[in-house]
Amino acid sequence: MMKSNLARTLREPAELVAEQLVSATALPLLDRIAARYAVAITPALVDLIDRSDPDDPIARQFVPTAAELEMQPGENADPIGDHAHSPVPGIVHRYPDRVLFKLVHVCAVYCRFCFRREMVGPGKENALSDAAYRAAVDYIRSHSEIWEVILTGGDPLMLSPRRMSEVVADLAGIDHVKIIRLHTRVPVAEPARISDEMVAALKAEGATTWVALHANHARELAGPARGACARLVDAGIPMVSQSVLLRGVNDNATALSDLMRAFVECRIKPYYLHHGDLAPGTAHLRTTLAEGQHLMRQLRGRLSGLCQPDYVIDIPGGAGKSPVGPNYVLPMQNTAPDAGDAASETRYRIVDYCGDVHLYPPET
C-alpha cells in the first residue's frame, strides 16, 4: 500500500508559485486570501492538475484566486445555519432522526467553495476538547430519536485509526444509533490514508457504517482513489457520493455524466448534487438554479438510473435541504365529471427526457 505523504501538502501561496500553479505576480493577493481562508493541496491532487490548461477543473477547485475577495449580497459565514441548530458544541440537530457530529475542523485539502470555509483550517479550533466530545456523545445518547450520526467537520478521516475506532465504538454502543455516516474527501485527496487499519476502525458491532465521498470531477477518481474506495467497499462499507455543481468544473452534461459514471464504476451510488451554497467569496463558482435544472434534465436522458443524483439546495438560514430538480409532471384542469370515479384522476402533462409532452392518464 502507498505511504501517506501529507507532509508534502502545499499550504502557502509561495509554494503554489514554486509548483507553477499560480503566477508570482499574484502572490501579494493570494497571501491576503490565505490569511482568511485555509489553503491545502495534497500531492495526490497536485498530480492531477494540468498546468497547461488555464481552466483546469481540478485547479479551479483548490487553487485560490482573486475572486475569493469579492463578496456578494446574501453570502454568509454560516450559509446553511449550522449555528442555529447546534444544541451543544460539535452537534448540529436539524432533522429529527439524525445529527451532524463535527469532530474536527481540519481537512486534507481545502476546497475554494467550502460552505464552512470560515470555520475550518489553521487558526481555528482543530478538534473538540475531551469535555465537549463527551457532552456531544451524551446528547446523542439522551435523544432516542437519533437513528443516524453523520461524522463531518472538517474531515473525520483526518483522525488516526485509533481515535476513529474509539469514536465509532462509542456511537455504536448507543442502542438507538444504527447508522454512522462519514463525509470525506480523503479517499481522493490522500488515498494512502485509507489503510487496512483505518478501514477496520470504521466498523463496530451494533451499527452500520456508510461513507459519503465528496468528488466533483471524474479525474479525481484516478487509480489511487479507486483503490482506496475499493478497500472500503470490499470490506463491506457501502458508499454514496456527494458533489457540488461548480461553474467551470462540472457545469456541463459531459463532465457531470463522466463523474456520475465514475462513481458507479467504483461501486459508489450517486447521492447528492448540491447547488452551491452562499459562502463568502464563492460567487464565481456558483451556477444558477435554472442551469442546474437543465443539466439534470440532460442527465435523465443520457444516463442509467444508477447514475442519477438528487439535485438539492441547502436553504439559507438552516431550513434544511430541498430537492430542486426539474419538474416533469404538471397538473392540468380536471375535466372528469365524477370526483369519486377512478377515471376522474387529475390529468397531467408529463415531460419525457427528450422534452416531449405526454398526457397521463392518456386520452382515450
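**Entry 1: Arg 267**

I began with Arg 267, which counts as partly exposed because its relative accessibility is 44%. The model I am reading is a predicted one. I located Arg 267 in the loop between α10 and β7. I then looked up its backbone and found a phi near 65°, a positive value in a residue other than glycine. I noted for comparison that most residues other than glycine have a negative phi.

I next asked which residue Arg 267 meets in a salt bridge. The partner is Asp 234, with 2.9 Å from N to O. Asp 234 lies in helix α9 (residues 223–234) and Arg 267 in the loop before β7 (268–274), so the pair ties together parts that are 33 residues apart in sequence. Asp 234 counts as exposed, at 56% relative accessibility.

**Entry 2: Other salt bridges**

I recalled that side chains of opposite charge can pair when their charged atoms come close. A search of the whole structure gave me 19 salt bridges. One of them joins Glu 68 to Arg 112, with the closest N and O atoms 2.9 Å apart. Glu 68 sits in the loop between α4 (57–62) and β1 (91–95), and Arg 112 in the loop between β2 (98–102) and α5 (130–142), so this pair links parts 44 residues apart in sequence. I checked whether the two are buried or exposed. Both Glu 68 and Arg 112 are buried.

I also recorded the salt bridge between Asp 97 and Arg 98, at 2.6 Å from N to O. Arg 98 is partly exposed, at 25% relative accessibility, and Asp 97 is partly exposed as well, at 28%.

**Entry 3: Lys 102 and its network**

I found that salt bridges link Asp 82, Arg 94, Lys 102 and Arg 116 in a network. Which strand holds Lys 102? I placed Lys 102 in strand β2. Lys 102 counts as buried because its relative accessible area is 9%, and the limit for buried is under 20%. The side chains of Lys 102 and Asp 82 are joined by a polar contact of 3.5 Å. Neighbours within four places in sequence aside, Lys 102 is in contact with residues including Gly 90, Val 92, Leu 128, Thr 152 and Gly 153.

**Entry 4: Nonpolar cores**

I noted that in soluble globular proteins, nonpolar side chains tend to be buried together. The largest nonpolar core here has 91 residues. Among those touching the most other members are Phe 101, Ile 140, Val 149 and Met 164. I followed Met 164 and found that it touches Leu 151, Pro 156, Leu 182 and Met 198, among others, residues up to four places away in sequence not being counted. Another core lies apart from the largest one and has five residues, among them Ala 40, Cys 107, Tyr 110 and Val 120.

**Entry 5: The largest pocket**

I looked up the largest pocket and found about 880 Å³ of space in it. Its lining has 41 residues, and the closest to its centre are Phe 115, Arg 116, Thr 152, His 183 and Gln 242. The elements giving two or more residues to this lining include β3 (148–152), β4 (179–184) and β6 (239–244).

**Entry 6: Backbone notes**

I found a cis peptide bond from Gly 153 to Gly 154, with omega near 20°. Gly 154 lies in the loop between β3 and α6 (161–172).

I closed with Gln 20, which is not a glycine yet has a positive phi of about 60°. Gln 20 is in the loop between α1 (13–18) and α2 (27–36), and it counts as exposed at 62% relative accessibility.

Note on methods
Residues numbered from 1 in each chain as written. Predicted model: local features only at pLDDT ≥ 70, side-chain atom pairs only at ≥ 80, totals over all residues. Heavy atoms only, no water. Salt bridge = Lys/Arg side-chain N within 4 Å of Asp/Glu carboxyl O. Helix = DSSP H or I, 4+ residues; strand = E, 2+ residues; numbered from the N terminus. Buried < 20%, exposed > 50% of the residue type's maximum accessible area, 1.4 Å probe, protein only. Core = buried A, V, L, I, M, F, W, Y, C linked by side-chain atoms within 4.5 Å. Contact = heavy atoms within 4.5 Å. Polar contact = N/O pair within 3.5 Å; in protein donor to acceptor, adjacent residues only side chain to side chain. 1 Å grid on protein atoms, 1.4 Å probe; cavity = no way out; pocket = protein on both sides within 12 Å on 5 of 7 lines; lining within 4 Å. Points joined across faces, edges and corners; volume = space filled by probe spheres on them.
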